[in-house]
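Got a minute to walk through a protein structure? Have the sequence and the 3D view open side by side, and we'll go region by region.

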Amino acid sequence: MMRLSTAGESHGKGVFAILEGIPAGLRLDLAAIDAALARRGSGYGRGGRQKIESDRVEILSGVRDLVTLGSPIALAVWNRDYENWKAYMAPEGCDTSARKLTKVRPGHADLTGMHKFAQEDARNVLERASARETAARVAAGEIARQLLLALGVIVRGYVRGVGSVSDDKIYSFEEIVPSPVLGMLDPEKEQAACREIDTCKAEGDTLGGTVELRVKGLKSGFGSCMTYREKLDARLCGALMSVQAIKGAEVGLGFEAAERRGSLVHDELFPAEHMPVRKTNHAGGIEGGMSNGEEIVLRAAMKPIPTLMKGLRTVDMATGAPAVAAPERSDVCAILACETVLESVLATELSAVVLERLGGDHMEALRQRYGALS
Ligand code: EPS
């Protein structure tokens, strides 16, 4: 069974991943992992922290001479900012009276986390709730992506919308070559999105956006209609929803399907040599909780980051008095980072589904089993 665990605090020593269940014999491309980490740390609208971090993966176990051994793979992404935070964060002993956060930020984990974990300092919650954790999920997710790639399954994504700017054009898989600026495909839309980010920055505000994800090459029959736990759409959307700031996920037409008649939703079938073919893909490649051999199409919505430089109205939990939420430092928009993370978590969950169906102690066995599927 494939399983991913992560650990680490945003201003602690680093973020870490343990990835179990990757078969032996997968040759890793470390440069591709570091490129994904760099992309996660980039994008128009990021704040000061990203100038400090330049994330690289360090493999601690499970790999020999760049090839997986089948043993748990332990990964570290060290936090450079730890040097500036050691005095307040060191597990071995530190000053916890400094850097307290009690003016809780609406929309963040601060208040509910303080209540749930019986903390007087939201720092003891927010350090883990922070999206910095996603660096570990990207490092691990890139290994999962490389496993899928070895089977001919390709994951891609792009940013469809930022704030009020949205790109509703339907793109072919080959057309998905996202810009390094914001991950969008249409340069004019992207410029408009950058202008909206500039306005937000000037006003101390933040912006979210929408992302589309596609999977090409996934054969029919992954996931199952037999038990609800195995449904592919539930598993993949659950993975997307596990990413910080994601508030919505949909498959294929998604919410739009609810507004159309059945005749304009379901993908009709036409006879062909082996299996009947579809001329549309409104289902987003999933019917009955199983991949149907078409491209998987998913979308996710990211809410604006809850740390606003201008601060929202809140309560200081130390005094009970009205207050303005602590600004900390903040990104204005992290949609390109979010898009990168979503690709990684999608690759991770999909690899788990593939390995559950096909098993394989060694990549060669997995490759053969996947190849033998019709
Ligand atoms: C984050 C706040 C910012 C972000 C951070 C997530 O960090 P800081 O408080 O240090 O300025 O930059 O994201 C990352 C560091 C990262 O690598 O994604 C938060 O509150 O969630």
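What follows is a tour of the ligand site, the pockets, the cysteines and a few individual residues.

One thing to keep in mind as you look: this is a predicted model.

Let's start with the ligand. It has 13 residues around it, and the closest are His11, Arg40, Arg49, Arg132 and Arg329. Zoom in on His11 and you'll find a polar side-chain atom 2.7 Å from an oxygen atom of the ligand. Arg40 does something similar, with a polar side-chain atom 2.5 Å from a ligand oxygen. Gln50 joins in as well: an N or O atom of its side chain sits 2.9 Å from an oxygen atom of the ligand.

Arg40 also leads us to another arginine. The side chain of Arg46 reaches the backbone oxygen of Arg40 at 2.9 Å. Where is Arg46 found? Look in the loop between helix H1 (30–40) and helix H2 (49–52). The side chain of Arg46 has another partner too, making a polar contact of 3.2 Å with the side chain of Asp331. Is Arg46 buried or exposed? Its relative accessibility is 17%, and because the cut-off for buried is under 20%, Arg46 counts as buried.

Now for the pockets. The largest pocket has a volume of about 890 Å³. Its lining takes in 41 residues, and those nearest the centre are His108, Ser130, Ala131, Arg132 and Ile305. You've met Arg132 already, as one of the closest residues to the ligand. Which elements give two or more residues to this lining? They are helix H2 (49–52), helix H5 (123–129), strand E10 (246–251) and helix H9 (335–358). In chemical terms, the lining of the largest pocket is a mix of 16 nonpolar, twelve polar and 13 charged residues.

The second largest pocket comes in at about 680 Å³. It is lined by 32 residues, with Arg160, Glu212, Gly252, Val297 and Arg299 closest to its centre. The elements that each supply at least two lining residues here are strands: E7 (154–162), E8 (165–166), E9 (209–216), E10 and E15 (296–302). If E10 sounds familiar, that's because strand E10 is also on the list for the largest pocket. By class, the lining of the second largest pocket has eleven nonpolar, ten polar and eleven charged residues.

On to the cysteines. How many disulfides are there? The count is zero. Take Cys194: the nearest cysteine sulfur belongs to Cys333 and is 9.1 Å away. A disulfide would need the two sulfur atoms within 2.5 Å, so Cys194 is in no disulfide. Cys194 is also buried, at a relative accessible area of 12%. For Cys200 the nearest cysteine sulfur is again that of Cys333, at 8.5 Å, and Cys200 is in no disulfide either. Cys200 counts as buried too, with 11% relative accessibility.

Next, some backbone geometry. Most residues other than glycine have a negative phi. With that in mind, look at the loop between strand E4 (63–64) and strand E5 (67–68), where you'll find Asp65. Phi of Asp65 is near 50°, a positive value in a residue other than glycine. Leu66 is in the loop between E4 and E5 as well, and its phi is also positive, near 70°. How do these two loop residues sit with respect to the surface? Asp65 is exposed, with a relative accessible area of 65%, while Leu66, at 35%, counts as partly exposed.

Finally, two pairs to pick out by their C-alpha atoms. Val104 is in the loop between helix H3 (82–89) and helix H4 (110–116), and at 4% relative accessibility Val104 counts as buried. Val104 and Leu126 are 22 residues apart in sequence, and their C-alpha atoms are 9.9 Å apart in space. The other pair starts from Ala323, which is found in strand E17 (residues 322–324) and is buried, with a relative accessible area of 16%. Between Ala323 and Gly311 there are 9.2 Å in space, C-alpha to C-alpha, for residues that are twelve apart in sequence.

Conventions: Residues numbered from 1 in each chain as written. Predicted model: local features only at pLDDT ≥ 70, side-chain atom pairs only at ≥ 80, totals over all residues. Heavy atoms only, no water. 1 Å grid on protein atoms, 1.4 Å probe; cavity = no way out; pocket = protein on both sides within 12 Å on 5 of 7 lines; lining within 4 Å. Points joined across faces, edges and corners; volume = space filled by probe spheres on them. Helix = DSSP H or I, 4+ residues; strand = E, 2+ residues; numbered from the N terminus. Nonpolar A, V, L, I, M, F, W, Y, C, P; charged D, E, K, R; others polar. Buried < 20%, exposed > 50% of the residue type's maximum accessible area, 1.4 Å probe, protein only. Near = heavy atom within 4 Å. Polar contact = N/O pair within 3.5 Å; in protein donor to acceptor, adjacent residues only side chain to side chain.
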